[in-house]
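Reader: I would like to go through this model step by step, beginning with a single residue and ending with the chain as a whole. Please reason through each answer before naming the result.

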Amino acid sequence: MAEPRALQHMRDRRSIALRDEISAILEGELGDPRIGLASVTEVQMGAGGKSATVFINVEGTEEEADETIAGLNAAVGYIRHQLILRLQLRRPPELHFHHDRGHSYGARVDQLLARVAKRRKKET
């Protein structure tokens, strides 16, 4: 069953606000040395708005990405508290951080396409 447009619009606006605020927090407020160069790519709200999946793009190796996600999971209480203060929420959503591998997959596809184009060029 489709949800009413107003609720979907409100959830989309809240997702954007969460993405912007979490990005600001990541830029300089977290002192955990495990958290590397990371950016928020997307926030997906759960159906009831009680949970949010935050996709994080991490520059570096897989181990650095895993450490960054672990650091963010350790700081989830601080991040939720900051969201209460900044967005004036009564109950911020439960945050679940996930490594967004879409950029690395895209780069790999680009590499493979370039390799195929190079082979075709040699054949002709």
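Reader: Does Met 45 count as buried or exposed, and why?

Author: This is a predicted model, and within it Met 45 has its place in strand 1. Buried means under 20% relative accessible area. Because the relative accessibility of Met 45 is 12%, this residue counts as buried.

Reader: Leaving out residues up to four places away in sequence, which residues does Met 45 touch?

Author: The surroundings of Met 45, a residue of strand 1, can be described both by distance and by contact. Its C-alpha atom is separated by 9.4 Å from that of Leu 95, which lies 50 residues apart from Met 45 along the chain. Not counting residues up to four places away in sequence, the residues that Met 45 touches are Arg 11, Arg 14, Ser 15, Leu 18, Ser 51, Ala 52 and Pro 93.

Reader: In the largest nonpolar core, which residues touch the most other members?

Author: This core has 22 residues, and at least two of them are supplied by each of helix 1, strand 1, strand 2, helix 2, helix 3 and strand 3. One residue of the core, Ile 79, touches Ile 22, Ile 25, Leu 30, Leu 72, Leu 95 and Phe 97 when residues up to four places away in sequence are not counted. The members that touch the most others are Ile 22, Ile 56, Ile 79 and Phe 97.

Reader: Which element gives the most to the lining of the largest pocket?

Author: The largest pocket has a volume of about 280 Å³ and is lined by 15 residues, with Met 10, Arg 14, Gly 48, Gly 49 and Lys 50 lying nearest its centre. By residue class, the lining divides into 7 nonpolar, 2 polar and 6 charged. With 4 residues, the element that gives the most to this lining is helix 1.

Reader: Read along the sequence, what pattern does the chain follow?

Author: The secondary structure comes to 4 helices and 3 strands. Taken in the order of the sequence, these elements give the pattern α-β-β-α-α-β-α.

Reader: What radius of gyration does the chain have, beside that of a compact globule of 124 residues?

Author: Along its principal axes, the C-alpha trace spans about 65 × 45 × 20 Å, and 27% of the 124 residues count as buried. Among contacts with a separation of 6 or more, 62% are accounted for by residues 24 or more positions apart. Whereas a compact globule of 124 residues would have a radius of gyration near 14 Å, the chain has 18 Å.

Methods: Residues are numbered from 1 along each chain as its sequence is written. This is a predicted model: local features need pLDDT of at least 70, side-chain atom pairs count only at pLDDT 80 or more; totals for chains, interfaces and linings use all residues. Side-chain values use heavy atoms; hydrogens and water are left out. On a 1 Å grid over the protein atoms alone, a cavity is a set of points where a 1.4 Å probe fits but cannot get out, and a pocket is an open set with protein on both sides within 12 Å along at least five of seven lines; lining residues have an atom within 4 Å of a point. Grid points are joined across faces, edges and corners, and a volume is the space filled by probe spheres set on the points. Helices (H or I, at least four residues) and strands (E, at least two) are DSSP runs, numbered from the N terminus. Ala, Val, Leu, Ile, Met, Phe, Trp, Tyr, Cys and Pro count as nonpolar, Asp, Glu, Lys and Arg as charged, and the others, Gly among them, as polar. A nonpolar core is a set of buried Ala, Val, Leu, Ile, Met, Phe, Trp, Tyr and Cys residues joined through side-chain atoms within 4.5 Å. Buried means under 20% relative accessible area, exposed over 50%, partly exposed in between (1.4 Å probe, protein chains only). Contact means heavy atoms within 4.5 Å. The radius of gyration is taken over C-alpha atoms; the globule rule is 2.2 Å times the number of residues to the power 0.38.
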